[in-house]
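Visitor: I'm new to this one. Could you show it to me and let me ask how the labels are earned?

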Number of protein chains: 2
Amino acid sequence: MSKKNKKPLRPKARRPRGFEDKSADVIRAEAKLIAAAFSVYDSHGFEPLQTPAFEYADVLGKFLPDEDRPNTGVFALRDDDEQWMSLRYDLTAPLARYVAENFDALAKPYRRYQAGSVYRNEKPGPGRFREFVQCDADSVGAPGAAADAEMIMLAADVMRAVGLKEGQYQVRVNNRKLLDGILESAGVSNTEEGAIQRLQVLRAIDKLDRLGSDGVEALLGEGREDESGDYTKGAGLAPSAIKSVLGFTTASSDDRGKTISNLEKLVGNSERGLSGCQELTDIDTILNSVGIGPDRVAFDTSIVRGLGYYTGPVFEVELLTDIKDRKGRPVQIGSIGGGGRYDDLVSRFRGQAVPATGFSFGVSRLLSALERLGALENKSRPPVFISVFDRSLLGEYFRMAEDIRAAGIRAEVYVGTGNITKQMKYADRRGAQIAIIMGEDEHARGEVTIKDLVLGAEMAKAISSNEEWKSSRPAQQSVAKDQMIKVIKSILEK
Amino acid sequence: MSKKNKKPLRPKARRPRGFEDKSADVIRAEAKLIAAAFSVYDSHGFEPLQTPAFEYADVLGKFLPDEDRPNTGVFALRDDDEQWMSLRYDLTAPLARYVAENFDALAKPYRRYQAGSVYRNEKPGPGRFREFVQCDADSVGAPGAAADAEMIMLAADVMRAVGLKEGQYQVRVNNRKLLDGILESAGVSNTEEGAIQRLQVLRAIDKLDRLGSDGVEALLGEGREDESGDYTKGAGLAPSAIKSVLGFTTASSDDRGKTISNLEKLVGNSERGLSGCQELTDIDTILNSVGIGPDRVAFDTSIVRGLGYYTGPVFEVELLTDIKDRKGRPVQIGSIGGGGRYDDLVSRFRGQAVPATGFSFGVSRLLSALERLGALENKSRPPVFISVFDRSLLGEYFRMAEDIRAAGIRAEVYVGTGNITKQMKYADRRGAQIAIIMGEDEHARGEVTIKDLVLGAEMAKAISSNEEWKSSRPAQQSVAKDQMIKVIKSILEK
């Protein structure tokens with residue numbers, strides 16, 4: 001920099017809270033996950049899409065993931081023309097905008113996949129970032145259960161493609177229409193008041209794991225006082241309705257067909273409920289045809305999915321360990337993603353129904369789950385390290401590196417200025433397995449020295465004196481240059 | 001959505017100015033470019049890095065690409081704790097922050113590659129977006145010309161990896177120290193005034209193409225009045241200095257060694273100038289060793305690079321057509337990227353010199369250049385289309401699609417609700433080459449109908465009457481199900 005600038009105060013090198021740098025291993029592993037998912041979507045004829053990071057705030061609307069805070073949670077700023085822009089908080093709202101903007105130009109069903117950073121202006125915590133990558137596939141314009149079955153199948157196939165074995169994951173499917181139907185049969189009205197009641201019922205069911213059947217029963221009826229003395233008002237359902245809803249929570253079985261017939265009894269004559277059952281039947285038929293059994297995709301009435309915008313089938317992908325709990329069920333790592341049908345998201349732009357269904361997973365979340373399951377393959381191999389023993393031979397070193405790369409092996413020449421001790425320390429920190437050294441004498445003889453750094457480190461442990469080390473020079477050999485690649489390969493193959 | 005919500009005003013589906021949606025073809029082509037570049041960097045032992053979209057504003061500092069507007073051009077907002085955060089405008093400033101933040105943990109030279117969106121809050125225009133993808137490689141901690149030679153070599157190898165032939169690109173290298181040295185020899189002082197003069201000289205040289213030698217000569221001396229009568233004050237150099245600078249602009253030849261010896265004469269006894277010449281010599285040696293001739297990498301004193309932060313070797317990658325201009329030189333598409341040495345960018349955090357050198361290119365810019373050069377490979381093949389002739393056979397259709405995919409061919413089942421006419425229209429809009437149709441009778445016989453849609457469209461042109469069409473049913477055949485894959489392959493291979 002020129003000397004005209006006054007010396008500025010030194011800024012502190014630091015990141016904003018909740019934003020992370022990703023290491024090489026994580027980047028490579030995440031890229032592999034995304035490539036695996038993309039390959040599944042691509043093989044099914046989905047097309048990639050990329051939308052920008054910014055959308056107009058009114059376009060994103062209030063479809064925020066957290067219903068309780070509809071107006072916060074985004075990063076927003078004003079453009080030059082005073083319009084508010086927000087960074088996208090998911091990939092679904094921008095898709096709805098894209099489809100509405102290009103409606104006539106798109107052949108429908110429009111099926112796309114996309115991965116990209118999304119942004120949440122929330123309090124960060126451990127493993128909870130304000131920027132993270134989601135990977136989505138969606139199908140817009142198809143109202144039937146075939147499109148839902150396809151998304152569910154894709155979810156299961158993506159889990160297989162990223163390296164999970166059967167028994168390590170399960171897609172669990174529910175349908176929003178079922179509970180609606182049960183409540184309709186139980187006389188919960190379709191009015192605004194009924195909507196609040198439905199939400200209370202959903203939230204009560206979502207607490208089944210935590211509060212047990214009795215707690216949920218109380219929340220469905222009059223209400224419940226917890227240990228701290230706080231009182232939660234109940235949904236105020238009649239006893240018969242409570243019975244139906246509790247029956248709903250226990251309607252799932254390992255047999256998908258059995259689950260459907262249980263549900264058919266519960267929904268009674270409700271048209272909406274019966275339509276929900278028919279959709280599950282259609283999904284079951286397609287899954288059976290392609291050989292996806294209940295171990296990979298189950299029907300499970302406990303699946304709620306927080307998002308308010310779902311209108312039909314919903315599903316979550318649970319990752320499982322082979323550790324069993326007291327009841328003999330596999331211990332859950334938890335949901336790494338999910339999806340479902342949302343028929344109203346595009347219609348808000350167009351004033352006409354545009355059916356849609358999709359699947360989304362968090363890439364980091366899946367990656368850390370895979371790590372816990374031990375389902376991650378090993379890391380990238382460090383490059384062969386070519387030390388600079390004699391600066392006048394730099395050109396030779398670069399030529400040797402080219403030769404090694406031409407054999408498909410990563411290679412680097414030391415481009416720093418340290419002496420040979422410093423260079424070997426660098427090679428060690430880089431995790432290099434092989435170092436190549438060539439001085440002027442060797443060059444004149446057409447030879448190079450190849451060191452196996454891993455073997456060398458092992459042997460060093462067994463050698464007691466410096467003198468012994470120097471005289472024996474273990475794990476290092478002088479070879480003719482035209483044998484170099486062969487020797488490198490044989491060391492790497494060990 | 002529930003009915004409780006008041007019907008909102010319909011938002012208009014639109015994007016903020018200067019932000020784009022990317023189409024499937026562009027996404028695939030860009031991903032291929034990035035993968036090709038990454039593969040080159042990876043083979044040289046560089047490691048991937050990802051930094052977040054946001055950085056603290058003081059961390060990004062004033063190292064904006066456009067020196068004339070140091071405080072504008074970024075998207076910034078205030079975090080909850082009142083600190084200003086900005087979206088990154090390039091990948092270099094975040095790298096400097098990353099290296100400074102993790103200085104002791106990093107083995108140096110630290111060599112990383114990264115691709116990602118960068119954001120410029122500027123007036124958008126045709127082909128000028130406010131969000132675009134850059135692809136960078138940098139080497140931090142190596143002061144010597146070997147690191148620069150490596151970056152230049154990488155730039156040339158990336159161009160080859162993305163599919164450019166020799167003669168379609170040229171990396172053009174200059175060194176900031178040369179002009180500094182020439183001006184030093186010519187008595188331009190090293191003071192603040194001298195710095196302004198150097199900047200004026202750089203800008204004058206940058207106008208050589210547009211103004212010619214006479215115009216530049218005027219700008220180096222007293223100044224120049226343009227056609228509109230506007231007067232630009234000159235750098236005020238003495239005649240002998242002007243002669244040296246003009247000599248510098250014409251010092252390049254096709255022979256790299258010859259160029260260096262021309263430059264050695266011009267820099268005289270200036271230490272800085274001689275150091276610049278020595279660096280070019282070192283770079284030349286390494287390039288020669290790995291067989292990179294002047295057709296791929298040339299020394300060119302007209303390369304300026306706008307950025308103020310460069311301190312040594314600088315280079316640009318020019319894409320060339322085989323169309324020749326009047327002087328027999330290839331017509332230039334222009335620079336698609338470049339780089340150079342910037343030894344002060346990390347030191348602003350640490351107060352100690354941290355040498356660095358890098359290469360960056362704009363992915364969209366390279367892609368559109370490749371399109372103009374006809375160097376892009378053909379597009380992704382659309383999926384085989386399986387129509388839904390009979391809804392009761394949906395499961396069968398999905399199973400057939402699985403079979404086709406298992407043979408490595410993209411396939412999709414129609415998940416919409418249109419009739420067969422609508423379905424074939426959809427297949428057509430999707431660009432499908434093959435459609436599969438199977439009704440109940442065929443299913444009972446174990447057969448499917450395979451339509452070659454491309455051939456069918458051709459034949460339709462030659463057929464005059466509807467009757468003839470219906471009776472001959474061209475480009476369509478009924479085959480046994482176990483022959484389906486074979487027939488599909490034979491059609492696709494045509």
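Guide: Sure! The count here is 3 cavities of 30 Å³ or more. This is a predicted model, where local features need pLDDT of at least 70 and side-chain atom pairs count only at pLDDT 80 or more. Residues are numbered from 1 along each chain, and chains are lettered from A.

Visitor: What makes the second largest one a cavity, and which residues line it?

Guide: On a 1 Å grid over the protein atoms alone, a cavity is a set of points where a 1.4 Å probe fits but cannot get out, and lining residues have an atom within 4 Å of a point. The volume is about 40 Å³, and the lining includes B:R381, B:I409 and B:L492.

Visitor: Why are A:R15 and B:E101 called a salt bridge?

Guide: The term needs a side-chain nitrogen of Lys or Arg within 4 Å of a carboxyl oxygen of Asp or Glu, and here the closest N and O atoms are 3.2 Å apart, so the pair qualifies. This pair crosses between chains, with B:E101 in helix α3 of chain B.

Visitor: And what makes A:R198 and A:D180 a salt bridge?

Guide: Their closest N and O atoms are 3.8 Å apart, so they meet the cut-off too. A:R198 lies in helix α6 and A:D180 in helix α5, so the pair ties together parts 18 residues apart in sequence.

Visitor: Is A:R198 buried or exposed, and how do you know?

Guide: Buried means under 20% relative accessible area, exposed over 50%, partly exposed in between (1.4 Å probe, protein chains only). A:R198 has 17%, so it is buried.

Notes:
Heavy atoms only, no water. 1 Å grid on protein atoms, 1.4 Å probe; cavity = no way out; pocket = protein on both sides within 12 Å on 5 of 7 lines; lining within 4 Å. Points joined across faces, edges and corners; volume = space filled by probe spheres on them. Helix = DSSP H or I, 4+ residues; strand = E, 2+ residues; numbered from the N terminus.
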